[in-house]
Amino acid sequence: MKHLQEWAASCVDPQITRLNVVELTGDRAYDYLFYGDDLPRRNDGRLRAGMLERYAHIEQGGWWCAGIDLLSGQEDVWGCFKPEQPRHNPDNGKVIKYEHPPKVATGLFALRVTLPIWQRIADRYNQPIPPEAIDASRPDRGFWQWLRERPEIPICLTEGAKKAGALLTAGYAAIALPGVNNGYRTPRDEFGQRSGRSHLIPALAVLAAVNREIYITFDQDSKPNTIKAVNAAIRHLGYLLTQRGCRVKVIAWSPTLAKGVDDLIAAAGVEAFHQAYDNASTLDLWKARTLSQLTYSPDLEIDSRYLPPLAIPETARLVGIKSPKGTGKTQFLEAVVQQAIARGQWVLVIGHRVRLVEALCQRFGLQYISAVRHDRDRQQQGYGLCIDSLHPGSQAAFEARDWSDGVVIIDEVEQVLWHGLNSGTCRNQRVSILKSLKTLMQNTLGNGGQVYATDADLSDTSLDYLLALAGSEQKPYIVQNHWQPSPEQAWQVHHYPDKAPQRLVSDLEQHIAAGGRPFVCLSAQKIRSEWGTRNLESYLQQRFPEAKILRIDSESLADPTHVAHGCITRLNALLGDYDIVLASPSIETGVSIDLQGHFTSVWAIAQGVQSEKLGAAGDRSPTGQCAALSLGG
């Protein structure tokens, strides 16, 4: 039988298939599908001609799958039919692979299992099967009642009956929805407007016990729109499950391995799923990761230590470049700027920190706004500024309507946009700033200009926001660099779990005494901060009076008499003269340190919760090792 072969190809135990799937020929499928009370019928009870015509294809045969009704414990009348000759959706032309009973609320698939499969699931979670739990009078022999009474057993929630069968075969308790959005209902009025709160479907609610782990195991798609739709469904469903007291986790694997979980098991073996299951993320962690997810399909994929020259099409308007830290994004942008200037186009560089934008401008051969704010002619050639100044009342007197058909560079775009939307320094002018950014995007993307948005963590969020500002539905041109360091190139990282940094500082001293040249990232500068730049400088100077120590923080950068004054734009020329460098967050993401072969280690003492971007994230020369301590974070 074809359905046995099909289900076997999805790694479903043949006995599970026989218990839940039946082959239908001729008009038998009508008996399974058309039981709803609201179906259009004639006075004699026969289905209306239009309905019969729409479903005439089911008479060519197919298979029907139904499991157990978890509310009654009896055989479920709801299920799905897979026709041999599927019909097409008249709205979009897509093939409708599965037919569900029309005019009837969807349910879920709780498949019958054999006693050996039941025992396999029980053994996985060390749960006994008492003799009284096995009831031969029940269609499932009591399996689902046994599972309902044991919230200690996690449940995998997937999409599609075959996938549930594959997971049950692998020894996991599993149920399946007919679609990612079918685990909940959202009440709507007669006009289709939402009229109440969403709630879990009853069959799923009976399994959603307090403290039960629910593993959402949906397909791993590669299409951006599908990914967004599935992610929205996971967020909504996950929220409703957590409201019931469940502990929700999300299972993921590389879509290059397989799309569905049954395909994963078939292609890579059940061990691949075991690994994905063990690596499942909590719902909160998964949500955090999706915020930085890039689902747009790359137009250009490379695997290169440094970005090579890239031929970006002139027709590309929004160019997104996702490439790891230290892979030469800034160097690539230098070429972009020079080409634009050669074409006679203006270039606008937008950042979120003055020192960072100044450093970029120096590399690009542009002026920072403070140097040209009184010279409108020089401004028209382009300049750099912080997003804080992107409004008419700033020192730039920025008028977005004056800028079109040029090139906008937003390096570290994730942080720049976050800064504009959330930073306290933008609070008083936020509305004006966002209006200017909107006009700038409209003028640039809509009038032949280009916007370059680059970031090691480039996400849909930033690209979608820029497109929304421009009112554009165009697809961004995406360059993605997949380079990762080899084991020989990777840094050796040491983490100090201590509550105070004495042990780290002791090891730092030993490293310096042995001839090491460390770069030390610190989260504070003030004298009252025990482990800030000033105190550690004083301590290390006493311990190593011959060592040349450079302190880079807001105080030293602003002091005209200090050697660090204005050094952000000349770090590569300066750092090599010093044995020890102590840096506050004044040096942060966006600064490129290209000095090679000088530093032997990087250290960090972070108080509270600190971004992983603390310190010289742009260093292109791996120093061999990194040590970090976070205080209270």
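## Helix 18

The expected span of a helix is 1.5 Å times one less than its number of residues. In this predicted model, helix 18 covers residues 430–445 and holds 16 residues, so a span of 22 Å is expected; the C-alpha atoms at its ends are 22 Å apart, in agreement with that value.

Several residues of helix 18 are buried: Arg-430, Ile-433, Ser-436, Leu-437, Leu-440, Met-441, Asn-443, Thr-444 and Leu-445. The buried residues of this helix pack against strands and helices alike. The strands are strand 12 (318–322), strand 13 (347–351), strand 15 (407–411) and strand 16 (450–455). The helices are helix 17 (413–422) and helix 19 (460–470).

## The protein as a whole

The protein has 633 residues, of which 52% are buried. Its secondary structure amounts to 23 helices and 23 strands. The C-alpha trace extends over about 95 × 55 × 40 Å along its principal axes. Of the contacts between residues at least 6 apart in sequence, 70% link residues that are at least 24 apart.

About 29500 Å² of the protein is exposed, and carbon and sulfur atoms contribute 48% of that area. The protein carries 66 positive and 69 negative side chains; the centres of these two sets are 3 Å apart.

## An open sheet of mixed pairing

Strands of a sheet pair through backbone hydrogen bonds, in either the parallel or the antiparallel sense. In this model, 5 strands make up an open sheet with the order 5-4-8-9-10, and the pairing is mixed. Strand 5 (174–177) and strand 10 (281–282) are the edge strands, each of which pairs on one side only.

Strand 9 illustrates the mixed pairing. With strand 8 (residues 213–217) strand 9 pairs in the parallel sense, over 4 bridges, and Arg-247 of strand 9 is the bridge partner of Glu-213. With strand 10, strand 9 (residues 247–250) pairs in the antiparallel sense, over 2 bridges; here Val-250 stands opposite Ser-281 of strand 10. The side chains of strand 9 alternate along the strand. Val-248 and Val-250 point to one face and are buried, whereas Arg-247 and Lys-249 point to the other face and are not buried.

## Strand 17 and its partners

Strand 17 comprises residues 477–481, and 5 of its 5 residues are buried. Tyr-477, Val-479 and Asn-481 point one way from the strand, while Ile-478 and Gln-480 point the other way; all are buried.

Strand 17 runs parallel to strand 11 (residues 300–302), to which it is joined by 3 bridges. In that pairing, Asn-481 of strand 17 is the bridge partner of Ile-302. Strand 17 also runs parallel to strand 12, with 4 bridges between the two, and Val-479 of strand 17 stands opposite Ile-321. Strand 12 is also among the elements against which the buried residues of helix 18 pack.

## Phe-273, a buried residue of helix 11

Phe-273 is part of helix 11, which covers residues 270–278. A residue counts as buried when its relative accessible area is under 20%; at 0%, Phe-273 is therefore buried.

Neighbours within four places in sequence aside, Phe-273 is in contact with Cys-156, Leu-167, Tyr-172, Thr-217, Ile-251, Val-261, Leu-264 and Ile-265. Phe-273 and Thr-226 are separated by 47 residues in sequence and by 22 Å in space, taken from C-alpha to C-alpha.

## Two residues with positive phi

Most residues other than glycine have a negative phi. Cys-11 has a positive phi, near 65°, and is not a glycine. Cys-11 is located in the loop between helix 1 (2–9) and helix 2 (14–20). With a relative accessible area of 26%, Cys-11 is partly exposed.

Arg-141 likewise has a positive phi, of about 60°, without being a glycine. Arg-141 is located in the loop between helix 5 (115–124) and helix 6 (143–148). Its relative accessibility is 40%, and Arg-141 therefore counts as partly exposed.

Conventions: Residues numbered from 1 in each chain as written. Predicted model: local features only at pLDDT ≥ 70, side-chain atom pairs only at ≥ 80, totals over all residues. Heavy atoms only, no water. Pairing = 2+ DSSP bridges. Buried < 20%, exposed > 50% of the residue type's maximum accessible area, 1.4 Å probe, protein only. Contact = heavy atoms within 4.5 Å. Areas by Shrake-Rupley, 256 points an atom, 1.4 Å probe, with all protein chains shown as cover. Lys, Arg positive; Asp, Glu negative; His and termini not counted. Charge placed at Lys NZ, Arg CZ, Asp CG, Glu CD.
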